[in-house]
Amino acid sequence: MGFCSAMTLAFATIFSLVSVTLLAIAFSTDNWVTIKVKREKIKSLDEFRDSADVNESPLYFTRTRGLFRECFPGEKSDDPDRTAAPIGNLVELYMSPVETYCRNLDYYIPENDRTKNLDGKEMVRIHMARAMIAMFIVGFFFVFVSFTAGVRGCWKTSPTDITASAVLMLIACLFSAAGMGLWHGVEHWEMNKINSSSKTELFVKSWPESLRDNTEFKYDWSYIVSWIGVGMALLSAILFSLAAVCIRTDKEREEAMNMQYLMPVYHQKQQAYGGPYGYAAYPGPYYGSQYGPY
């Protein structure tokens, strides 16, 4: 294996491993969006002074949001003035592995007739959210299939297998990018399309104006890591394809060098001693003959 093949394969493998690691981290963490709420300012307003939603609804607390959970940094307390997470029975909270109180996002799986009262726009949002998760899962599947083809290609130094690995990695990249696109679609749908009122979902158009004005949305590190993972998957696919070209070029050069040592041997046909017609040839005149020299 030549220098070009070894280097491109090494970097392609490193990029693919980094890509799947970053995507897995982003997929499983809860820091895609940080929603910062100016809770103290909201509580000081007259319209929220006696509202139970300020203490029970998650919309009035600073939180981070991922693909599967919404988490509230800080301690939960029964004291409304000290708690950093909703109290009451409106949402069910549990302690996450990183010691924060979280609630699961609802994808309505299984539905169990819970979607009967939802309008068309809400159903579109739900289907996009489900498709988003499916896209990421299919992307992970193609990454692992690409690894299998890549290991086989490295073992056999086969440009065909390396090309297959590049194609599979590109497909994984496209599915992951589609998942990111659907995530943005869900975000746009929640904030700009749905007018339904909800005490738990991000249907911003139905929020009180004071809540909208005192809430800030910011993309967090999980979101950034996910896009980096998609980009690394694309670079890995490009490098795998370049490695296949290098391996094919190296093999062609090796075959050309081997051909130089294969010298063809052809059979040389010689004419008969007597000439082309088979008559005896006389080497020269004969001396001593009674007739004289000829």
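**Figure 1. Helix H7 gives the largest share of the nonpolar patch, four residues.** This close-up comes from a predicted model, as do the views that follow. The patch covers about 500 Å² of surface and is built from Leu170, Leu174, Leu234, Leu235, Ile238 and Leu242. Two helices, H5 and H7 (221-259), put in at least two residues each. Have a look at Leu174, which sits in helix H5. Leu174 counts as exposed because its relative accessibility is 53%, and the cut-off for exposed is over 50%.

**Figure 2. The whole chain, as a map for the other views, has seven helices and six strands.** Going along the sequence, the elements come in the order α-β-α-α-β-β-β-β-α-α-α-β-α. The chain has 294 residues, and 42% of them are buried. As for charged pairs, the structure contains 14 salt bridges, and a few of them get their own panels below.

**Figure 3. One cavity of 30 Å³ or more turns up in the structure.** Its volume comes out at about 300 Å³. Some 20 residues line the cavity, and those lying nearest its centre are Arg65, Leu105, Trp183, Val186 and Glu190. Which elements supply at least two lining residues each? They are strand E1 (33-37), helix H4 (120-156) and helix H5 (159-193). Helix H5 chips in the most, with five residues. By residue type, the lining splits into 13 nonpolar, one polar and six charged.

**Figure 4. Asp30 and Arg69 pair up in a salt bridge.** The closest N and O atoms of this pair are 2.7 Å apart. Asp30 is in the loop between helix H1 (3-28) and E1, while Arg69 belongs to strand E3 (residues 69-72), so the bridge ties together parts that are 39 residues apart in sequence. Are the two partners buried or exposed? Asp30 is buried, at a relative accessible area of 8%. Arg69 counts as buried too, with 16% relative accessibility.

**Figure 5. Glu201 reaches Arg125 through a salt bridge.** Here the closest N and O atoms are 2.9 Å apart. Glu201 is found in the loop between H5 and helix H6 (209-213) and Arg125 in helix H4, so this pair links parts that are 76 residues apart in sequence. Glu201 has 10% relative accessibility and counts as buried. Arg125 is also buried, with a relative accessible area of 8%.

**Figure 6. A network of salt bridges takes in Glu201 and Arg125.** The other members to pick out are Arg63, Arg65, Glu70, Arg103 and Glu190. Two of these names should ring a bell from the cavity view: Arg65 and Glu190 are among the lining residues that lie nearest the centre of the largest cavity.

**Figure 7. Arg152 and Asp161 form a salt bridge with partners that differ in exposure.** The closest N and O atoms of the pair are 3.2 Å apart. Arg152 counts as partly exposed because it has 47% relative accessibility. Asp161, on the other hand, counts as buried, at 15% relative accessibility, because the cut-off for buried is under 20%.

Terms used
Residues numbered from 1 in each chain as written. Predicted model: local features only at pLDDT ≥ 70, side-chain atom pairs only at ≥ 80, totals over all residues. Heavy atoms only, no water. 1 Å grid on protein atoms, 1.4 Å probe; cavity = no way out; pocket = protein on both sides within 12 Å on 5 of 7 lines; lining within 4 Å. Points joined across faces, edges and corners; volume = space filled by probe spheres on them. Nonpolar A, V, L, I, M, F, W, Y, C, P; charged D, E, K, R; others polar. Patch = residues over 30% accessible without salt bridge, like charges linked within 9 Å, V, L, I, M, F, W, Y side chains within 5 Å. Areas by Shrake-Rupley, 256 points an atom, 1.4 Å probe, with all protein chains shown as cover. Salt bridge = Lys/Arg side-chain N within 4 Å of Asp/Glu carboxyl O. Buried < 20%, exposed > 50% of the residue type's maximum accessible area, 1.4 Å probe, protein only.
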